[in-house]
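User: I would like a close look at one part of this structure, written for a first-year student. Please explain how that part is placed, and then follow its links to the rest of the chain.

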Amino acid sequence: MPFHVVPATGAVLEQILNDTFPLWNDGLSRENYAKNWAAQLKTPWGQSHLDRVALVDGPHVMCSAKRYDLSLRLDGRIRRVLGIGAVFTPPAHRGRGSARELLTRLLDTAVTEGQEFAMLFSEIAPAFYEQLDFVPMPLLEATLEVDRKRGGAPAMLVRSGDNRDLPAIIELSAARSANARLALDRSEDFVRYGITRKRLLSGLSPMGRRNTEFLVVEEGHQAVAYLVCTEQDGRWMIEEAGDRDASGARLGAMLQVMLARHPSERIPEIKCWWPQDLVPPQVKVAASSPTQEVLMIRPLRDRILPLPPLAAAEVVYWHADYF
């Protein structure tokens, strides 16, 4: 094929944004959809770990995708991983193998650059990616019920989080995923990027559409529990969370505090992707089901060696890290 893979900049990027806006705008205007992408690239993590590429045939964008440089801990070893997101082929160019061609070239480049695995989330039937040797990983979404404390909120000081809390958050995150067989290796810049991305989406949305909060509880001037939560249409998504207390009791109390701020409102539906052993005493898992977005992974070097089978309880992956 006379196709070329090029960085998505200038007119190529504008064409990609025009094509993908109707599908992935998340309620943003076209202008803010572009601002959201540009702002992500300006973060410290985004500058060196994120870009967008296109498969082109002359002036035509045949397919495009986002590309992430991630770190994954699998069975105790840190691996460099190619993350692939937002794979899109314009309707006029479908049926020509463009998506397969772009993915194949990205995988070949990843091997050359020393990456050991590739990851993506499939929003379509995973059979297409299974043909490229990707394997689905078990990942669950839970619906939570929080016991609303009688007599008001717990006597706990909850404040907004900021950059000074990131070292403690990395420590909490690492401790929670220490026994997992599969989890992202999360740096301060990566966590900051994830929180910034959620805040950008909230800030660029129409007023009142969604709100993202980053909250912490501190003791001795150090964060000992935290959560990042996005509220939209009466639903809360806990993007990520942590608690120095293994029981998660502080985290449960934080959720009680959040609910107590609006006692007259309908109790929101609370969703999360978090470790199955993280069930605070104030919280009950009312339901659990596989995520709609299917996490898929494949090795890049030893393709003849199958990935070790994993159970959902052995995977720690936060919704904040979904790409």
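Analyst: The account below begins with helix 2 and then moves outward to other parts of the chain. The model is predicted.

Helix 2 spans residues 30–42. It has 13 residues and reaches 19 Å from its first C-alpha to its last, close to the 18 Å expected at 1.5 Å a residue. Five of its residues, Asn32, Tyr33, Asn36, Trp37 and Gln40, are buried. Because these five cover an arc of only 145° around the axis, they sit on the same side of helix 2. Glu31 and Lys42, by contrast, are exposed on the other side of helix 2.

What does the buried side of helix 2 pack against? The partners of its buried residues are helix 1, helix 3 (44–49), strand 2 (50–57), strand 3 and helix 7. One of the buried residues, Asn36, may be taken as an example. Asn36 belongs to helix 2, and its relative accessible area is 11%, which is why it counts as buried: the cut-off is under 20%. Residues up to four places away in sequence aside, Asn36 touches Leu28, Leu200, Leu201 and Leu204.

The loop between helix 1 (10–24) and helix 2 comes next, and Asp26 is found in it. Asp26 has a positive phi of about 55°, although it is not a glycine. This deserves notice, because most residues other than glycine have a negative phi. With a relative accessibility of 43%, Asp26 counts as partly exposed. Ser29 is placed in the loop between helix 1 and helix 2 as well, and at 36% relative accessibility Ser29 too counts as partly exposed. The C-alpha atoms of Ser29 and Arg301 are separated by 41 Å, and the two residues are 272 residues apart along the chain.

Helix 7 (188–204), one of the partners of helix 2, leads on to the cavities. The count comes to 2 cavities of 30 Å³ or more. The largest cavity has a volume of about 80 Å³. It is lined by 13 residues, and Phe190, Tyr193, Arg197, Asp321 and Phe323 lie nearest its centre. Strand 3 (60–74) and helix 7 are the elements that give two or more residues to this lining. Helix 7 supplies the largest share, 4 residues. Strand 3 and helix 7 are thus named both in the lining of the largest cavity and among the elements that the buried residues of helix 2 pack against. By class, the lining of the largest cavity has 10 nonpolar, 1 polar and 2 charged residues.

The second largest cavity holds about 50 Å³ of space. Its lining consists of Ser173, Ser177, Ala183, Leu184, Arg186, Val316, Tyr317, Trp318 and Asp321. These divide into 5 nonpolar, 2 polar and 2 charged residues. Asp321 lines this second cavity and is also one of the residues that lie nearest the centre of the largest one.

Helix 4 (residues 98–112) can be set beside helix 2. Helix 4 has 15 residues and reaches 21 Å from its first C-alpha to its last, close to the 21 Å expected at 1.5 Å a residue. Ser98, Ala99, Leu102, Leu103, Leu106, Leu107 and Ala110 are its buried residues. Seen down the axis, they fall within an arc of 165°, so they line one face of helix 4. Gly114, just after helix 4, takes a positive phi of about 90°.

A positive phi is found in a strand as well. Ala86 has a positive phi of about 50° although it is not a glycine, and it is found in strand 4 (residues 77–88). With a relative accessible area of 21%, Ala86 is partly exposed.

Finally, Asp243 offers an example of contacts between parts of the chain. Asp243 lies in strand 12 (residues 235–243) and, at 6% relative accessibility, counts as buried. Neighbours within four places in sequence aside, Asp243 is in contact with Leu172, Arg176, Val224, Ala225, Gly248, Ala249, Arg250 and Leu251. Among these partners, Arg176 is 67 residues from Asp243 along the chain, and the C-alpha atoms of the two are separated by 8.3 Å.

Definitions and conventions: Residues are numbered from 1 along each chain as its sequence is written. This is a predicted model: local features need pLDDT of at least 70, side-chain atom pairs count only at pLDDT 80 or more; totals for chains, interfaces and linings use all residues. Side-chain values use heavy atoms; hydrogens and water are left out. Buried means under 20% relative accessible area, exposed over 50%, partly exposed in between (1.4 Å probe, protein chains only). On a 1 Å grid over the protein atoms alone, a cavity is a set of points where a 1.4 Å probe fits but cannot get out, and a pocket is an open set with protein on both sides within 12 Å along at least five of seven lines; lining residues have an atom within 4 Å of a point. Grid points are joined across faces, edges and corners, and a volume is the space filled by probe spheres set on the points. Ala, Val, Leu, Ile, Met, Phe, Trp, Tyr, Cys and Pro count as nonpolar, Asp, Glu, Lys and Arg as charged, and the others, Gly among them, as polar. The expected span of a helix is 1.5 Å times one less than its number of residues. The arc is that of the directions from the helix axis to the C-beta atoms. Contact means heavy atoms within 4.5 Å.
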